[in-house]
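Me: I should like to go through the classifications assigned to this structure and ask what supports each of them. Please set each value against its definition.

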Amino acid sequence: EVSNVQEKPNIVIIVGDDLGSYDLSLRGNNQIMTPNLDALGYQGVIFNRHYTQAVCTPTRSALLTGKYPIHTGMQHSALWADEPRGLPLNEKILPQYLKEVGYRTHLVGKWHLGNARKAHIPTQRGFDSYVGFFNGYLDYFDGTCEVDFAPYAIGFDFCRNETVYRDRVGEYLPDVIADEASKMILGHNPSQGPMFLFVSQAAVHTAANPSDPLQTIPEDLQKVEHIQDPIRRLYAAMVRALDRSVGTVIRALEERKMLENTIIVFFSDNGGPTVGLYSTHSPWDGGLRGTALVWSPLLKQRHYVSDHLIHVTDWFSTFTELAGVPSHKYEKRDGNNIWSTLSLNKTPIRREILHNIDPIDGYSSYYRDGWKYVNGTNFNGTYDSWLGDMVQEDSPESFYYSQLVMNSDVWQALNPYSTRILKPNDLEILRGKTKINCERRNPKLIPCEPLKAPCLFNLKKDPCELNNLANIHPLRMKYMKKRVNDFQATALPPGNLPGDPNADPALNDGLWTWWLDR
């Protein structure tokens, strides 16, 4: 905790969207190269067990409130463009707390926490500035959002603060977000307080254009020509854009000479349906467990892979306490201050995670002490299957992997702060520690059918949730079910509302905007 405003650390959170759990090259993936993100991890700490919610809106609500979505009514599904609701206005969120102790607060990119009323939008909820889009996705070039769940007009959805912002139409959205974030950094005046910057990337979420959902640029496609599947190739090109955007932001921090007092965190809001076991929108680890990359010269220990358990709600408590915010302690949170884990590699106090209780879809998912309980599922089990193995299509760049990472913008910016000299072999050793091995060919595996009966997994031995041990450990099952019931007793009902046709851009000057106030 720091009392002097001038000494409080700058906080930069970069969130990718729908990034597959294994689609970073530091996870051993040679198909898609992500040198900037890899460099961020190697120079800082790679957290191999970072859990989020399974879908966009709930993760963002958990990040900014420090609460499980069951405690804010945000536990069921992403927010639809015509829903007349948002993150409840009685919830005070992270930027509002940080402003109390002198922070300048900025959001660039995706919001997805409501815009039915003007009171829901970022500039009304603690952000000094905002450049981005309200809905869950956007066309990557023209700034419009076309939905396919209702016969609404295509609407423009890009703002600067509270004003329509069309100046970047025609430019590629991931690069626009990175450039606008860089402008925030380069324009920051430290004498006015430290900076909190939330860079909420669009990539690699599909575009809001049903006829052209995977949008990229030729420069990125040229880097992934070795991938044969055309959909996977487009996706990989979008991952390249995400990686480049991280380099752009960190390069700006270096140029502004802010790195020496900055904490940088990267993670994806949830997994993505690429390869491996299960994906977004599901109770399975493929949609929940990702990789968090954390860097700061304030970290006493760096350059290692951590298997400590972290949940997205923990960032709220960590940053409010680190910034010296007194008022956040007056309300119960579900996250913990994990600074000693980040900085000193100490074991966190967290032993359990309530992944979710969704009474609408009818499933619950809970973790404790290495064991995971799943009861029910969603989409009638559509995502409850193996999505396929990674095709062996090594990028030509993978043959000089270490050199690629060490030549990246992020490595060049952060290496002067390293605590030891890192050699190519060090990168390969760290990379090897991030891999997850699934034993799919074990003939003794007991299948899980969560629509018929609850399932239990030992994630330490079975990280891919292939062997259902529910009948072998009845007492543990009983305890896990009790804990889920305990959480259920504290839950708010889901706040989902029927769509409001008055949200139609045709009725709002061609815009997705705060239609209830017009």
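Me: Why is the disulfide of Cys438 and Cys464 called left-handed?

Reply: The torsion about the S-S bond of Cys438 and Cys464 is about -50 degrees, so this disulfide is left-handed. The model is a predicted one, in which local features need pLDDT of at least 70 and side-chain atom pairs count only at pLDDT 80 or more, while totals for chains, interfaces and linings use all residues. Residues are numbered from 1 along each chain as its sequence is written, and side-chain values use heavy atoms, with hydrogens and water left out.

Me: How do you know that Cys438 and Cys464 form a disulfide?

Reply: A disulfide is defined as a pair of cysteine sulfur atoms within 2.5 Å. The S to S distance between Cys438 and Cys464 is 1.7 Å, so the pair satisfies the definition.

Me: Which parts does the pair Cys438 and Cys464 tie together?

Reply: Cys438 lies in the loop between helix H12 (424–432) and strand E17 (455–458), and Cys464 in the loop between E17 and helix H13 (474–488), so the bond ties together parts that are 26 residues apart in sequence. Here helices (H or I, at least four residues) and strands (E, at least two) are DSSP runs, numbered from the N terminus.

Me: What makes Cys464 buried or exposed, and how is Cys438 classed?

Reply: Buried means under 20% relative accessible area, exposed over 50%, and partly exposed in between (1.4 Å probe, protein chains only). Cys464 has 4% relative accessibility and therefore counts as buried, whereas Cys438, at 29%, counts as partly exposed.

Me: How many disulfides does the structure hold, and what is the handedness of the one between Cys448 and Cys455?

Reply: There are two disulfides. The sulfur atoms of Cys448 and Cys455 are 2.0 Å apart, and the torsion about their S-S bond is about 90 degrees, so this disulfide is right-handed. Cys448 is partly exposed at 22% relative accessibility, while Cys455 is buried at 0%. With the bonded cysteines of the protein chain numbered in sequence order, the pairing is 1-4, 2-3.

Me: Why is Cys56 not bonded to Cys145?

Reply: The closest cysteine sulfur to that of Cys56 is in Cys145, 12 Å away, which is too far for a bond. Cys56 counts as buried, with 4% relative accessibility. For Cys159, the closest cysteine sulfur is also in Cys145, at 13 Å, again too far for a bond. Cys159 is buried, at 6% relative accessibility.

Me: Why is the packing of H1 against H6 called oblique?

Reply: Helix H1 (residues 35–43) and helix H6 (residues 230–255) pack at an angle of about 55 degrees, with their axes 7 Å apart. Axes are lines fitted to C-alpha atoms, for helices over the stretch in contact, and angles run from 0 to 180 degrees between N-to-C directions. Angles under 35 degrees count as roughly parallel, over 145 as roughly antiparallel, 65 to 115 as roughly perpendicular and the rest as oblique. H1 is therefore oblique to H6.

Me: What makes the backbone of Lys257 notable, and is that residue buried or exposed?

Reply: Most residues other than glycine have a negative phi. Lys257 is not a glycine, yet has a positive phi of about 60 degrees. Lys257 lies in the loop between H6 and strand E10 (262–268) and, at 69% relative accessibility, counts as exposed.
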